[in-house]
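Grab a pencil and open the viewer. Here are a few exercises to work through, each with a solution you can check step by step.

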Amino acid sequence: MIAVSPADVGRRVTVRRADPDGFRDTVGVLESWQDGLLQVRKHDGTLVSVREEALVAARVVPER
């Protein structure tokens, strides 16, 4: 289930995406969602780019 949208920018989210090797999960702050690309900033500062069409599941999660 994908329960996030561009309106959730600035909130902490978890996203699961499909890639050629399986699935990848990322938890962090949704920094942007533009032109089909999500940018999620992980706790360690890493910025992860996720293509909208690769999303399998996503939701807003509580702050740390």
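**Exercise 1: the partners of β1**

Find the strand that β1 joins through five bridges, and work out the direction of the pairing.

Solution. Keep in mind that you're looking at a predicted model.
- Step 1: the strand you want is β5, residues 55-60, and it runs antiparallel to β1 with five bridges between them.
- Step 2: check the register. V13 sits opposite V60 in β5, and V15 has A58 as its bridge partner there.
- Step 3: now turn to β2. β1 (residues 12-19) and β2 (residues 22-34) are also antiparallel, with eight bridges.
- Step 4: look at how the chain gets from β1 to β2. A hairpin of two residues makes the link, and D19 faces G22 in β2.

**Exercise 2: the whole sheet**

Put the five strands of the open sheet in order, then say why one side of β4 and of β5 has no neighbour in the sheet.

Solution.
- Step 1: line the strands up as β4-β3-β2-β1-β5, which gives an open sheet with antiparallel pairing.
- Step 2: β4 (47-51) and β5 are the edge strands, and each has a single partner strand, so one side of each is left without a neighbour in the sheet.
- Step 3: add the twist, which averages 40° from one strand to the next.

**Exercise 3: the core**

List the residues of the largest nonpolar core and say which strands supply at least two of them each.

Solution.
- Step 1: the core has 11 residues: V4, V13, V15, L30, W33, L38, V40, V48, V50, L55 and A58.
- Step 2: sort them by strand. At least two come from each of β1, β2, β3 (37-41), β4 and β5.
- Step 3: zoom in on V40. Leaving out residues up to four places away in sequence, V40 touches V13, V15, L30 and V48, among others. Its contacts also include T26, V27, G28, V29, T46 and L47.

**Exercise 4: an odd backbone angle**

Is D35 buried or exposed, and what is its phi?

Solution.
- Step 1: place the residue. D35 lies in the loop between β2 and β3.
- Step 2: read the backbone. Phi of D35 is near 50°, a positive value in a residue that isn't glycine.
- Step 3: exposed means over 50% relative accessible area. D35 comes in at 84% relative accessibility, so D35 counts as exposed.

Conventions. Residues are numbered from 1 along each chain as its sequence is written. This is a predicted model: local features need pLDDT of at least 70, side-chain atom pairs count only at pLDDT 80 or more; totals for chains, interfaces and linings use all residues. Side-chain values use heavy atoms; hydrogens and water are left out. Two strands pair if DSSP finds at least two bridges between them. Helices (H or I, at least four residues) and strands (E, at least two) are DSSP runs, numbered from the N terminus. Axes are lines fitted to C-alpha atoms, for helices over the stretch in contact, and angles run from 0 to 180 degrees between N-to-C directions. A nonpolar core is a set of buried Ala, Val, Leu, Ile, Met, Phe, Trp, Tyr and Cys residues joined through side-chain atoms within 4.5 Å. Buried means under 20% relative accessible area, exposed over 50%, partly exposed in between (1.4 Å probe, protein chains only). Contact means heavy atoms within 4.5 Å.
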